[in-house]
Amino acid sequence: MRETPLQRTRNIGIAAHIDAGKTTTTERMLFYTGRTYRLGSVDEGTATMDWMVQEQERGITITSAATTCYWRLGGGDSGDRYRINIIDTPGHVDFTIEVERSLRVLDGMIAIFDSVGGVEPQSETVWRQADKYRVPRIAFVNKMDRVGADFDRVVEQIRSRLKANPVPVQLPLFKGEEFQGVIDLISMRAITWLDETLGAEYSVGEIPASLEERAEAARERMIEVVAEYDDAVAEQYLEGQPVHETAIRDALRRGCLELKLVPVLCGAAFRNKGIQPLLDAIVLYLPSPLDIPPVEGIDPRTQEVVTRKADDDEPFAALVFKILTDRHLGQLAFTRIYSGTVRSGRHVYNATRDRKERVGRLMYMHANKREDVDEAYAGDIVAISGLKFSTTGDTLCDAQHPIVLEAIEFPEPVIAVRIEPRTRPDQDKLSVALDQLTREDPSFKVSTDHETGQMLIAGMGELHLDVIVDRLRREYGVGVNVGRPQVTYRETIRKKARGEGKFVRQSGGRGQYGHAVIEIEPLAPGSGFEFVDEIRGGVIPKEFIPAVEQGIREAMERGVLAGYEMVDIRARLYDGSYHEVDSSELAFKIAGSLAFQDAVKRAEPVLLEPIMKVEIVTPEEYLGAITGDITARRGRIEHIDTMPGTKIITAMVPLAEMFGYATDLRSLTQGRATYAMHFSHYEQAPKSVAEEIIGRVTGVVS
């Protein structure tokens with residue numbers, strides 16, 4: 001039987017830039033809700049949610065971890081108890097896939113910002129991902145105890161950089177330079193935390209007289225904004241009546257759920273200040289599964305759009321959003337249940353792969369610890385063991401009521417290294433390990449270099465691949481030699497071109513015949529590949545057309561310039577011919593490939609290189625040296641922001657020029673500057689760079 005009603009369930013994620021304090025905030029939430037009995041520390045490697053050895057050593061989150069805790073408003077012992085399912089996500093851009101797939105299945109999000117750093121590059125990435133999946137969110141400005149903390153500046157950056165509508169519901173409360181607590185603008189009370197109880201207890205009192213005027217003005221602004229989204233509040237406000245706390249909270253909730261408002265809170269998680277009001281805000285402002293629209297999918301039998309409401313009595317529908325390999329249980333599938341119920345030992349239908357699966361064990365996860373349950377319900381996030389065929393992005397459902405939910409989009413890798421086993425026994429172990437790692441992490445790819453036969457592993461950045469290699473050595477016991485990182489380039493075309501491919505084989509008996517005529521044209525960057533069937537009059541039978549498309553897709557995997565994957569191309573199949581006896585799928589697949597290769601030669605193929613968005617925070621005196629260095633790396637300075645004594649440089653720089661940048665930046669600035677970068681887009685490489693890369697790959701230097 002369901003333990004907590006759906007309206008009192010919250011599925012939330014915690015996301016932000018690296019080092020904003022996501023994991024520390026989660027640890028404090030677990031402590032104050034009674035889920036854990038000690039305060040975990042990222043710095044000491046004792047954080048509950050950072051359970052991987054690599055996470056503890058590096059002091060960063062690498063894999064998203066799920067947990068559950070319970071909270072009553074105000075932290076008391078009476079009143080309704082709410083179930084909060086939390087996913088703590090990584091902040092480092094190399095592990096952005098973890099954020100992407102978590103946001104796909106979550107109902108709400110806490111975006112955490114550093115009070116000094118403000119809106120940093122990965123904050124923007126995370127915000128865009130939340131926009132894409134229409135996830136309501138609240139903001140928490142953390143580290144208010146730091147020197148240089150500026151709550152108002154962060155709120156303004158949320159407005160200007162993220163194009164959001166932030167509504168502060170708190171103001172920071174300082175005693176001299178020391179951060180003491182917060183002023184609640186809804187109740188107009190000051191909340192201060194008691195250090196001797198590790199922040200478990202706090203006192204609520206009058207707002208200091210010196211801050212009353214500022215608090216009144218801030219409350220006035222809050223009500224003005226809220227009144228735009230609530231007629232009752234607007235009426236009370238315009239008539240000069242006092243607006244009731246409940247009315248403000250209801251209006252804030254409505255605006256938040258409609259993605260029109262972002263309530264902003266503040267605190268200092270490491271100093272144990274501000275967490276209980278944040279837990280209250282999760283309950284008050286973020287949605288339950290009942291508050292979000294019914295999930296939509298496609299019925300694989302009819303291709304019609306069907307919906308599933310968050311209801312235990314609806315047919316079962318769930319999405320696998322993560323695969324994890326457990327040493328004892330094998331493969332665990334992290335799953336969000338959107339509708340219906342599932343029991344351990346029962347069969348479910350994988351509509352994505354048209355396979356029947358048996359549910360082994362059902363578990364609620366608490367980081368790397370498990371709690372077995374017999375049944376899971378709509379709105380739950382559970383781990384399922386025993387699934388043999390399911391992988392990330394697959395839909396599990398009731399076989400009588402099939403549905404395929406929208407899959408998860410995965411970013412393409414931008415950096416690769418060559419890898420080889422050290423010994424013969426390592427070879428077999430390496431294959432098994434890489435197979436498991438690619439199932440766990442869809443942004444990690446394994447391929448073979450067609451020229452040398454060497455194995456290539458590709459990922460989102462140097463740190464991503466470092467962690468993969470470290471896991472190969474530690475978890476799987478594989479000895480490997482690793483080459484230098486190399487950039488994953490792409491190829492595309494610049495103009496329309498026609499191509500013809502004919503495959504004819506006569507060798508006695510039945511032969512092979514396939515003939516395809518296509519036209520290719522460039523698409524906008526980021527479009528991928530589009531195939532258009534314009535065959536009329538049956539010149540190519542319908543059953544052979546998918547084979548032509550498959551042949552073109554395979555030809556695109558190896559470009560004509562340097563063997564890199566081709567992207568952003570539309571191919572129109574408009575003519576061809578067939579043989580009544582000799583034509584086959586294989587023949588048309590080869591014909592499609594030949595036609596594409598023929599067309600590409602006339603379509604002005606060009607090389608594309610990955611461009612990174614780089615943000616550098618530096619003392620003012622090093623500005624000239626850094627901008628000069630960026631320009632020397634073929635970078636473009638986008639803009640330079642000013643903070644007291646500090647400059648923030650945003651630039652677009654080719655990834656190929658950024659290897660070893662951390663060391664160079666340290667020596668340029670005596671270790672006083674920091675930087676962050678993430679993938680932005682692909683762009684045509686300059687002629688001289690393209691010629692050098694093509695020459696290096698083909699061995700022909702112009």
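**Group meeting: a cavity, a small sheet and some cysteines**

Okay, let's start inside: strand 2 (65-72), strand 3 (81-88), strand 19 (362-366) and strand 22 (381-385) each give at least two residues to the lining of the largest cavity. Strands here are DSSP runs of E, at least two residues long, numbered from the N terminus. Before I go on, this is a predicted model, where local features need pLDDT of at least 70 and side-chain atom pairs count only at pLDDT 80 or more, while totals for chains, interfaces and linings use all residues. Residues are numbered from 1 along each chain as its sequence is written, and side-chain values use heavy atoms, with hydrogens and water left out.

So what's a cavity? On a 1 Å grid over the protein atoms alone, it's a set of points where a 1.4 Å probe fits but cannot get out, and lining residues have an atom within 4 Å of a point. Points are joined across faces, edges and corners, and the volume is the space filled by probe spheres set on them. There are 3 cavities of 30 Å³ or more, and the largest holds about 70 Å³. Its lining includes Thr-67, Asn-85, Phe-334, Tyr-364 and Met-365. What is the mix in that lining? We get 9 nonpolar, 3 polar and no charged residues, counting Ala, Val, Leu, Ile, Met, Phe, Trp, Tyr, Cys and Pro as nonpolar, Asp, Glu, Lys and Arg as charged, and the others, Gly among them, as polar.

Hang on to Asn-85, one of those lining residues. Its C-alpha is 26 Å from that of Pro-411, with the two positions 326 residues apart along the chain. Pro-411 sits in the loop between strand 24 (404-405) and strand 25 (415-421). Pro-411 is partly exposed, at 23% relative accessibility; the scale calls under 20% relative accessible area buried, over 50% exposed, and in between partly exposed (1.4 Å probe, protein chains only).

Now, strand 24 belongs to an open, antiparallel sheet of 3 strands, ordered 13-12-24. Strand 13 (305-308) and strand 24 are the edges, each with a single partner, so one side of each has no neighbour in the sheet. Pairing takes at least two DSSP bridges, and strand 12 (residues 295-298) pairs with strand 24 over 2 bridges. Look for Gly-297 opposite Leu-405.

Last, cysteines. How many disulfides are there? The count is 0, taking a disulfide as two cysteine sulfurs within 2.5 Å. For Cys-256, the nearest cysteine sulfur belongs to Cys-266, 17 Å away. Cys-256 is buried at 1% relative accessible area, and Cys-397 is buried at 1% as well.

Terms used: Helices (H or I, at least four residues) and strands (E, at least two) are DSSP runs, numbered from the N terminus. On a 1 Å grid over the protein atoms alone, a cavity is a set of points where a 1.4 Å probe fits but cannot get out, and a pocket is an open set with protein on both sides within 12 Å along at least five of seven lines; lining residues have an atom within 4 Å of a point.
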